[in-house]
Amino acid sequence: MQIAPKPANEAARLDTLHSLSILDTPPEERFDRLTRLARRLFDVPIALVSLVDENRQWFKSHAGLDATQTPRDVSFCAHALLAGDTMVIQDARNDDRFHDNPLVTGTPGIRFYAGRPLAAPNGAPIGTLCLIDTRPRSLDADELALLGDLAHMTEREIAALHFATTDELTQLTNRRGFEILARHVLSLCDRVGRHAVLLFFDLNDFKTINDRFGHAEGDRALKAFAETLTSALRDSDVIARLGGDEFVVLLSATDAADVAEPVERVTQALAQRNAADARGYAIRFSVGHVAYDPACHRTVADLLASADRRMYEHKQRGRTAGA
């Protein structure tokens, strides 16, 4: 068995995949409809929308297959990701890369595979729309074109989902996307016994910026603060704009006692940004934080509400930062 090599742009590709906020989300009819259609049109028992993560392939839709993911090492789709066009394996038993693959020698007994790479809105390859059969077969030119059409439809659905979870102005995750990502992160923290803390940021006197300098300048201030958060915090931190001048950051594997350090990083980075921009005003913020407690915070909305209250308390006491 041959393990697929990593693409040359693997780090950027994974960043793109994770930014889509699609991994580990519940099944959706928009994708299940496409895999059901693929099964019917091609008369195959299995059709998948497969996304290739760092160490696994995860199935956004898995018509005809019970598994929701498999290790990347045994993934056919990891090979297809490198193909640039549809990869077709007529009989995996006769292919040196796959003949002894456990997905061939065991369940589901793959013989035929056809995978068309899927691209994110920025063009990065993130997975495949693939067909699987337990008997050898091939695809003619018309069938290859049809699979390509279905793959383009899948890409459009991925793009639509992405834009529905992304804040257009700052390109941060929006509230909907944050709730999806936060549920996943908090579930992982619960599973491995790690702590998490939510920071809730609110810009001070933001209305004054809009009133004095105009809404275009207010938009620039929001983008500047979003860029400050992104540059000052860890890649693993979930950063989102909830709306207006409210931003949140979910710090995973972090104790409440350690919150001062990332807040100070943001404070220093913002001070440098204010000095460099010199736009006639300084962006300042109030921040509150709350440690995740599964007994108290049964939903992400509960956690957001707790952190919002803490931020408001700090703001009322004049405990602001970023001046």
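The following exercises concern aromatic rings in a predicted model.

**Exercise 1.** Determine how the rings of Phe-201 and Phe-285 are arranged, and where these residues lie in the chain.

*Solution.* A search of the whole structure finds 7 aromatic pairs. One of them joins Phe-201 and Phe-285, with 5.2 Å centre to centre and 75° between the planes. Planes over 60 degrees apart count as edge-to-face, so the pair of Phe-201 and Phe-285 is edge-to-face. Next, the positions are located: Phe-201 belongs to strand β7 (residues 196-203) and Phe-285 to strand β10 (residues 285-291). The two residues are 84 residues apart, and the pair links distant parts of the chain. Both Phe-201 and Phe-285 are buried.

**Exercise 2.** Classify the pair of Phe-213 and Tyr-281, and state whether each residue is buried or partly exposed.

*Solution.* The centres of the two rings are 5.1 Å apart, and the angle between the planes is 50°. This angle is neither under 30 nor over 60 degrees, so the pair counts as tilted. Phe-213 lies in helix α7 (residues 206-213), whereas Tyr-281 lies in the loop between α9 (260-277) and β10; the pair therefore ties together parts that are 68 residues apart in sequence. Phe-213 has a relative accessible area of 33% and is therefore partly exposed. Tyr-281 counts as buried because its relative accessibility is 14%, and buried means under 20%.

**Exercise 3.** Identify which residues form one aromatic cluster with Phe-201, and which ring Arg-137 lies over.

*Solution.* The cluster consists of Phe-201, Phe-225, Phe-247 and Phe-285. Arg-137 lies over the face of Phe-112, at 5.3 Å from the ring centre.

Methods:
Residues are numbered from 1 along each chain as its sequence is written. This is a predicted model: local features need pLDDT of at least 70, side-chain atom pairs count only at pLDDT 80 or more; totals for chains, interfaces and linings use all residues. Side-chain values use heavy atoms; hydrogens and water are left out. Rings of Phe, Tyr and Trp (its six-membered ring) pair if their centres lie within 6.5 Å; planes under 30 degrees apart count as stacked, over 60 as edge-to-face and the rest as tilted. Helices (H or I, at least four residues) and strands (E, at least two) are DSSP runs, numbered from the N terminus. Buried means under 20% relative accessible area, exposed over 50%, partly exposed in between (1.4 Å probe, protein chains only). A charge sits over a ring if NZ of Lys or CZ of Arg is within 6 Å of the ring centre and within 35 degrees of the ring normal.
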